[in-house]
Amino acid sequence: MKTLCALALACLVALPAFAQAPAAPPANPITASVGGQLAMVKGNIVKSAEQVPESLYGFKATPEVRSFGQLFGHVADANYAICAVAAGEKNPGLNVEKTKTTKADLIAALNESFAYCEKALAATTDANGGEMRELFGMKMARLAWLSFAVSHDFEHYGNIVTYQRLNKMVPPSSQGRGM
């Protein structure tokens, strides 16, 4: 019994030595958090665009709403518009939703628009993230605009998920979970 107690005590004393030290927080934790969310929504939207067959890019849940292809184009256009404000640049105004129709072109436009937002994010820190910017008659902090871009993307990912479910597809965010 004494040996068992001694062994248990030795394990408890040694346990902290084996525990990993907590990772140091990133230099810009708020900006890094927005970046993590951007990476998540980018992955889901781009994977969806890749997963949807080109034959369904014209699919609309109802006649009054955007098609799959138009949704992907709209996300790209909004990424440019919102992230340009965060970067303090002029919106390139590519009008992807109205000018790109093929799956390959829309996937390329999505990737380029997310790269544009990633560039704007890379130039942003927690310190300069408070610089005020204006869009749609609203003034918000630079980091708030980047967060808004992420929120907008998640909003439309929700539309994409609905369209995928209507077409018997499992969206990327549900894949691998046994659903």
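**A walk through the fold**

Starting at the N terminus, the elements of this protein run α-α-α-α-α-β-β-α. That adds up to 6 helices and 2 strands. Keep in mind as you look around that this is a predicted model, so everything below describes computed coordinates.

Let's take the overall picture before the details. The protein has 179 residues, and 38% of them count as buried. Its accessible surface comes to about 10,200 Å², with 62% of that belonging to carbon and sulfur atoms. As for how the chain meets itself, consider contacts between residues at least 6 apart in sequence: 67% of these join residues at least 24 apart.

Now zoom in on helix H3, which covers residues 68–87. H3 has 20 residues, and from its first C-alpha to its last it reaches 28 Å. At 1.5 Å a residue you'd expect 28 Å, and the helix comes close to that. Where does H3 sit relative to everything else? Of its 20 residues, 18 are buried, so H3 is largely enclosed by the rest of the structure. Buried here means a relative accessible area under 20%. Just after the helix comes Gly-88, and its phi is positive, near 75°.

H3 also takes part in a covalent link. The structure holds 1 disulfide, and this bond joins Cys-83 to Cys-117, with an S to S distance of 2.1 Å. Cys-83 lies in H3 while Cys-117 lies in helix H5 (residues 103–122), so the pair ties together parts that are 34 residues apart in sequence. If you check the dihedral, you'll find 100° about the S-S bond, which makes the link of Cys-83 and Cys-117 right-handed. Are these two cysteines buried or exposed? Cys-83 is buried, and Cys-117 is too.

Finally, head out to the surface. Phe-136, Met-138 and Phe-148 form a nonpolar patch there, and together they have about 290 Å² of accessible area. One of the three, Phe-148, lies in helix H6, which spans residues 142–166. Phe-148 is partly exposed, with a relative accessible area of 30%. That label follows because partly exposed covers the range between buried, under 20%, and exposed, over 50%.

So the tour has gone from an enclosed helix, with 18 of the 20 residues of H3 buried, through the disulfide of Cys-83 and Cys-117, to a nonpolar patch on the surface made by Phe-136, Met-138 and Phe-148.

Definitions and conventions: Residues are numbered from 1 along each chain as its sequence is written. This is a predicted model: local features need pLDDT of at least 70, side-chain atom pairs count only at pLDDT 80 or more; totals for chains, interfaces and linings use all residues. Side-chain values use heavy atoms; hydrogens and water are left out. Helices (H or I, at least four residues) and strands (E, at least two) are DSSP runs, numbered from the N terminus. The expected span of a helix is 1.5 Å times one less than its number of residues. Buried means under 20% relative accessible area, exposed over 50%, partly exposed in between (1.4 Å probe, protein chains only). Patches are made of residues with over 30% relative accessible area and no salt bridge: like charges are joined within 9 Å, nonpolar side chains (Val, Leu, Ile, Met, Phe, Trp, Tyr) within 5 Å. Accessible areas come from the Shrake-Rupley method with a 1.4 Å probe; for residues, only the protein chains shown count as cover. A salt bridge is a side-chain nitrogen of Lys or Arg within 4 Å of a carboxyl oxygen of Asp or Glu. A disulfide is a pair of cysteine sulfur atoms within 2.5 Å. Contact means heavy atoms within 4.5 Å.
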